[in-house]
Amino acid sequence: ASQKGGSWLLKKSPTYFEEGKPYLDQVRILILPDEATTQAAFRTKQIDYLTATDFRQADEIRRASPDVVENITPYTPIRFDLSWDIPPLNDFKVRKALSLALDRDELVKVLQGGEGNWALAGSNIFDELFTQQELKSFVKYDPTEAKRLLAEAGYPNGVTLEMRFSTDSVTVTRGELMQAQLKKTGINLVLKPMPAEAF
């Protein structure tokens, strides 16, 4: 039932491993056609839950629905996946250069209005396994070292990478910001937008 206009019905399991949970008997998830319809359904109380895709959208929701109850998840990482088996990303030095070329503080500032934290690459860890100070000692922003590693990997004049992504506004902004950051170190990120369904 993943077609637009359909719905999913999730029912409480009588054999759930924690007694007394979950608290709800069932949840119906509507498959809505687009973001505008979803926003309108939330404002008119046809749906009870809405996920804001970024801080700007969260501000719009607060203004349109002042009685909204917020549940903020500050540690959700922004992530992108790499094809490690395809050159030039099969070279660890290129992947390391890519990581060193990303200014995570700027990403948090621009994409989350400054409300966000760093996370390890590929991490979906929401707890406090590492402090922010520890994370920043593991994952650094060092464009000079990124350039050096690219040259050492055989790309002294830079390298071109392709990034496919879903065409929602948040991902486009994220892609363009990463593109600008990486360009400073000689990494030319070619953005290949795709409709969400195809992605």
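Here are some friendly questions and replies about this predicted model.

Me: What kind of model is this, and what pLDDT do local features need?
Reply: Residues are numbered from 1 along each chain as its sequence is written, and side-chain values use heavy atoms, leaving out hydrogens and water. This is a predicted model in which side-chain atom pairs count only at pLDDT 80 or more, totals for chains, interfaces and linings use all residues, and local features need pLDDT of at least 70.

Me: How many helices and strands are in the chain?
Reply: Helices (H or I, at least four residues) and strands (E, at least two) are DSSP runs, numbered from the N terminus. From that end, the elements run β-β-α-α-α-α-α-α-β-α-β. The count is 7 helices and 4 strands.

Me: What share of the residues of the chain count as buried?
Reply: Buried means under 20% relative accessible area, exposed over 50%, and partly exposed in between (1.4 Å probe, protein chains only). The chain has 199 residues, and the buried share is 26%.

Me: Which residues form the nonpolar patch on the surface?
Reply: Patches are made of residues with over 30% relative accessible area and no salt bridge, where like charges are joined within 9 Å and nonpolar side chains (Val, Leu, Ile, Met, Phe, Trp, Tyr) within 5 Å. Strands β1 (7-11) and β2 (26-30) each supply at least two residues of the patch. W8, in strand β1, is partly exposed at a relative accessible area of 39%. Together the members have about 610 Å² of accessible area (Shrake-Rupley method, 1.4 Å probe, only the protein chains shown counting as cover for residues), and they are W8, L10, Y23, L24, V27 and I29.

Me: Within what arc do the buried residues of α1 fall?
Reply: In helix α1 (residues 35-43), the buried residues are T38, Q39, A41 and F42. They line one face of the helix, because seen down its axis (by the directions from the axis to the C-beta atoms) they fall within an arc of 160°.

Me: Which residue does the side chain of Q181 join in a polar contact of 2.6 Å?
Reply: Q181 lies in helix α7 (residues 169-183) and is buried, with a relative accessible area of 3%. Leaving aside neighbours within four places in sequence, Q181 is in contact (heavy atoms within 4.5 Å) with A101, L102, D103, E106 and L107. A polar contact is a pair of N or O atoms within 3.5 Å; within protein, one must be able to donate a hydrogen and the other to accept it, and residues adjacent in sequence count only if both atoms are side-chain atoms. The partner in the 2.6 Å contact is E106.

Me: How many residues apart are D105 and K136?
Reply: A salt bridge is a side-chain nitrogen of Lys or Arg within 4 Å of a carboxyl oxygen of Asp or Glu. D105 forms one with K136, their closest N and O atoms being 3.5 Å apart. The pair links distant parts of the chain, with D105 in helix α4 (residues 104-112) and K136 in helix α5 (residues 132-138), and their separation is 31 residues.

Me: Where do D59 and R62 both lie?
Reply: Their side chains meet in a salt bridge (2.3 Å, N to O). D59 is partly exposed at 31% relative accessible area, and R62 is partly exposed at 32%. They are 3 residues apart, about one turn, and both lie in helix α2.
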